[in-house]
Amino acid sequence: MQAQQDLNARDPGASRDTRRIPMKIHRFHVTPNLPPRLEPLLQIVRNLWWSWNPDAIDLFRRLDNDLWQRTRHNPAEMLGLVTPEQYRALLQDDVFLSHMDRVSADLEKYKTYSTWFDRVQGEAPAGTIGYFSLEFGLHESLQIYSGGLGILAGDHLKSASDLGVPLVGVGLLYRRGYFHQRLNHDGWQQEHNPAADYFNLPVVRERLPDGSPATVTVEYPEGPLTAAIWRVQVGRVPVFLLDADLEPNRLEHREITGQLYGGDNDLRIRQEILLGIGGIRALNKLGLTPAVCHMNEGHSAFLALERVADFMQQHQLGFEEARVAVAATNVFTTHTPVPAGNDIFSIDRVRTYFSAYCQRLGIGMEEFLALGQEGRRLNPSEGFCMTVLALHMASHRNGVSALHGSVSRRMWQGVWPGVPEHELPITHITNGIHTQSWLSDEMARLYNRYLGPRWLEDPVDQRIWERVVQIPDSELWRSHERLRARLVAYSRRRLREQLERRGAHRSTIRQADEVLDPEVLTVGFSRRFAAYKRATLILQDPDRLARIVNHQTRPVQLIFAGKAHPRDSLGKELIRKVVHFAKQERFRRRLVFIEDYDIAAARYLVQGCDVWLNNPRRPLEASGTSGMKVVPNGGVNLSVLDGWWCEGYRGNNGWVIGNAEDYGDPSRQDEVEGLALYDLLEKEVVPMFYNRGPDNLPREWIGVMKASIRTGCPVFNTNRMLEQYCKRFYMPALVQARRLTENHGAEARRIAAWQSFLRAHWHEVGVTEVSHELNGEIKVGQTLSIRVRVRLGAIPPEDVVVEAYLGKIDSAGAILDGEAVRLTHRPPGTNGEHVFEGDVPCRTTGQQGYTVRVLPMGDSLTERVDAGLIAWWNV
């Protein structure tokens, strides 16, 4: 009874249905009744390729535009609502049939044409790449995303499809998805979680060759869970989503896929077990065992353990031997720039869930727990960190911008003790966007006309985007003006709907038609409402802001949108503050907040805003991609130098708030950067926008728009991002997968045995004597000859690298960003001691210093430091 009461509490509509009445129900699935001639519609609907194909979207609008709007752009639901009479009419509509046949043919052509990956793969071995993410932002009709992490994952898959990368996505199918946002009269966020009807979504139950529904089983302490496997087709890329909401499962198991980012830490670890362990088992079940796995954040890191267990069984390997093979074929992307943003579970909770699993791995619980702690040494007072587990279990690791890569190396120094920060094996691949998914039809037509079709086929080609200068200023400006007008109309419509839902007075609802102005400079701020993103920075001086937005000849208007996490009271308070500002008479026509921010709202905003405002506390924005989305649409960024904007800003393509200073006092930082923001608006941004020539064109502003498009579009897209992942991570990992698994894992056995030998004898390693030849002062370009005597004990000299490590000395006596120079072994050695010599270049003036270190031999620095063994010259 308590379980039923809890379920009803989660669903306010339960008292109005039959849940309280005990009865047995037979379920059946009703499908759209399409005439055979219209069956191509089903094939189109079941592939989300349509979501970034304007012609396919126009087809659904032509089918029934009212239904298209009413179903929130969900053609899977539309097909079930179209009446038989409408279908019969369509059979007589030659224009519609021709349109449908054209889109269907384009889809087939898309799935079969030769791709970028076909051209570059060369001799690299074939293999499936599994991409695991707790959320995917693929389309607004599929509510399995919350924000930037999921949107990035969705764009990653779309570009993988465009490029032909052999990727499969793995995630969870949430019955209630992420919450829908409603604001009460006071502006306080309230969350609503309606249950989804999977049969009216672009998902299908995956089936085995014998026709039976595909399922996967995962063990939990209280018993096994069976999850259904659903498929979403994203162009060429299948995405498999696990669904625990099956009747045979316990209620607490069914809730595992109830809601994205809902519940407590216990629900979170259950979700991550299902994603990681269940996800690998699902791919195995479907015959798609991945050769390489990509963990999008640490949520899926348990997949590495399941892969280890599989390798142990398949190749008769020990734990460490299998770990060597798995780590070499795992990719891990971290998106979090603060320690608090990483999932950490208590030691007791991990014991509860993995005591039995340790037996399968053949290791003790202490060794298992140490995998989630820095240095792989168990500290009972620390928790089990999923990011650390992923770092230990992947050889390819990256942050999502150049600055974030640096921040990540600083955060995770403890994983590689003794390694200088700049040498830590965490690189960066800057995020991007799937341009076609965010580009307006208006701008796409403009690019087709003046850039030619290759901007679609190869958006990475800088030469194509240089042609932007050929677009007439008047055409670019008029196109963007139409997009701004469309955004204003959309904002008014959404505001009316919000007011009607709250039961506002008719006069107040009528005033919604007066807010905003399609001719006024429009600034957008749309993202998750977290404190560090500082949504209200621009509101800190209300009187000054009122003068800016209500200027008689140069007014400005602001559009806000975004959700706060359900448990983030501070974020909710920020939303409430924005809403209260919008209610003031002096801001009523110039400031609006749009509820329930989703992909659909984001498209309107990034396409129609003139300026995209981004003012997080540096360096807490790992990348940020919303600002990238305005660039191809003609918008311009006004941002703090954080995340991607550190790489994107060129001086002539937008504006920078502040000078990338670091502040010890957040209040002081807010004050300084708030004033800088007002100054920029008053002295640069607003005057440039309204500075018109005789033809009423803001020529200087249009120049900034073109510079933004020309510099941003070829770089900040997911095609470039995927190409980098392929060349730097996926393809090398595919090679490693073949090398380490052939001959029943012989090479993995050899590496593990060698590393075990090194660990057993590393205590014998030490630098015993260092000398150099120095005759007077050294000039730039000259070298310093160094001779080193090293004690290696039982370790052969060919198994180590001895390096001089040199660089400038700071005020604390430490070497800054040192350079490593390999020294040469001078045989023979005696009694375990060996001599190494070399010449060290002197490249810059000033006080310099050097030391000496010994590391295991390896083909790369990553391989050398991942062994966790390093011996420095120590007196």
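Here are three short exercises, with worked solutions, on a predicted model.

**Exercise 1. Explore the largest nonpolar core and find which residues touch the most other members.**

Solution. Start with the membership: this core holds 158 residues. Those touching the most other members are Val165, Leu274, Phe302, Phe354, Leu361, Phe368 and Tyr730. Next, look at where members come from: helix 31 (residues 718-761) supplies the largest share, 13 residues. Now zoom in on Phe368. Leaving aside residues up to four places away in sequence, Phe368 touches Leu305, Val350, Phe354, Tyr357, Cys358, Leu361, Ile363 and Phe384. Finally, look beyond this core: apart from it lies another one, of 98 residues, including Leu487, Val592, Tyr597 and Ile702.

**Exercise 2. Describe helix 29 (residues 666-690) from its span, its kink and its N-terminal cap.**

Solution. Take the span to begin with: the 25 residues of helix 29 reach 34 Å from first C-alpha to last, close to the 36 Å expected at 1.5 Å a residue. Then follow the axis, and you will meet a kink of about 45 degrees centred on Leu681. To finish, check the N-terminal end, where Asp665 acts as the cap, with a side-chain oxygen 3.1 Å from the backbone nitrogen of Ser667.

**Exercise 3. Work out how many disulfides the structure has, and examine Cys713 and Cys726.**

Solution. A search of the whole structure gives zero disulfides. For Cys713, the nearest cysteine sulfur belongs to Cys609 and is 17 Å away, whereas a disulfide needs sulfur atoms within 2.5 Å. Cys713 is buried, at 6% relative accessible area. Turning to Cys726, its nearest cysteine sulfur is that of Cys293, 15 Å away, and Cys726 too is in no disulfide. Cys726 is buried, with a relative accessible area of 0%.

Note on methods:
Residues are numbered from 1 along each chain as its sequence is written. This is a predicted model: local features need pLDDT of at least 70, side-chain atom pairs count only at pLDDT 80 or more; totals for chains, interfaces and linings use all residues. Side-chain values use heavy atoms; hydrogens and water are left out. A nonpolar core is a set of buried Ala, Val, Leu, Ile, Met, Phe, Trp, Tyr and Cys residues joined through side-chain atoms within 4.5 Å. Buried means under 20% relative accessible area, exposed over 50%, partly exposed in between (1.4 Å probe, protein chains only). Helices (H or I, at least four residues) and strands (E, at least two) are DSSP runs, numbered from the N terminus. Contact means heavy atoms within 4.5 Å. The expected span of a helix is 1.5 Å times one less than its number of residues. The bend at a residue is the angle between axes fitted to the seven residues ending there and the seven starting there. A polar contact is a pair of N or O atoms within 3.5 Å; within protein, one must be able to donate a hydrogen and the other to accept it, and residues adjacent in sequence count only if both atoms are side-chain atoms.
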